[in-house]
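User: I am new to this structure and would like a close look at a single part of it. Please take one helix and explain carefully how it sits among its surroundings.

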Amino acid sequence: MRGKNFKLLAGTLAMALVIGSLSTNYASADVRVTKDTIALKRQTVLLVKNVTELNKALKNKANKQIKLKTTKNTKFNLKGNHQGVKLVIDAPNAEVTNSGKFKVLEINAKKWVEKASGNNLVVKAKKPDIEISKNVKTADIKLAKTGAKLNLKVNGEIKNLVVDKKAEVKLSGKADLVSVIINADGVKLESRLQVALVANKDA
């Protein structure tokens with residue numbers, strides 16, 4: 001795989017044209033490799049419909065994959081150490097503030113404020129508004145929704161913003177530099193921050 005590296009100053013509009021894909025992958029199954037076979041260990045996803053059920057599910061250490069699915073207008077906070085849990089928030093009208101630690105957070109929410117360091121965020125919302133709070137250092141933020149319009153305010157730090165689908169991205173905040181990796185055609189990037197841009201394509 002070859003890549004093109006760029007550094008864009010604040011106030012730049014960028015268009016990615018011929019892009020391939022990275023091998024970034026958050027799998028829903030554990031793979032165990034033996035000498036002659038590959039065994040898959042399936043994991044059950046626990047579906048909950050409201051925040052009360054979600055909090056109860058998070059208290060049970062046996063739950064490793066939890067999905068909240070609701071269309072209600074709601075605001076709630078997440079907290080606690082759940083580093084073995086993949087949490088899916090499928091709540092397009094929700095406003096969420098997260099102070100908890102998770103294995104992976106998959107997000108379909110209207111607004112998300114991240115106050116915990118080290119989390120991987122997979123964004124699948126159409127028009128997400130995401131804020132990384134001051135002094136917070138996230139792992140990767142992966143944009144995985146075709147046609148998404150992401151507003152990302154970075155007041156802390158992120159390891160990488162990885163754009164895997166055609167989308168529009170607006171960056172703002174107080175970060176000194178944001179690393180952006182683009183793996184899709186037709187991505188529009190508008191930034192008020194200095195950006196280290198990597199455009200990957202297949203060899």
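**Helix α1 and its surroundings**

Analyst: The buried residues of α1 are covered by parts that include strands β5 (45-48), β6 (65-69), β7 (74-78), β8 and β9 (101-114), where helices (H or I, at least four residues) and strands (E, at least two) are DSSP runs numbered from the N terminus. This is a predicted model, in which local features need pLDDT of at least 70 and side-chain atom pairs count only at pLDDT 80 or more, while totals for chains, interfaces and linings use all residues. Residues are numbered from 1 along each chain as its sequence is written, and side-chain values use heavy atoms, with hydrogens and water left out.

Helix α1 spans residues 51-59, and its buried residues are Leu54, Ala57 and Leu58; buried means under 20% relative accessible area, exposed over 50%, and partly exposed in between (1.4 Å probe, protein chains only). Seen down the helix axis, these buried residues fall within an arc of 100°, so they line one face of α1, the arc being that of the directions from the axis to the C-beta atoms. On the other side of α1, Thr52, Lys56 and Lys59 are exposed.

At the N-terminal end, Asn50 caps α1, with a side-chain oxygen 3.2 Å from the backbone nitrogen of Thr52.

Leu54 also belongs to the largest nonpolar core, which has 46 residues, and is one of the four, with Leu152, Leu161 and Val180, that touch the most other members; such a core is a set of buried Ala, Val, Leu, Ile, Met, Phe, Trp, Tyr and Cys residues joined through side-chain atoms within 4.5 Å. Strand β8 (residues 81-98) gives this core its largest share, 6 residues.

Note on methods:
Contact means heavy atoms within 4.5 Å. A polar contact is a pair of N or O atoms within 3.5 Å; within protein, one must be able to donate a hydrogen and the other to accept it, and residues adjacent in sequence count only if both atoms are side-chain atoms.
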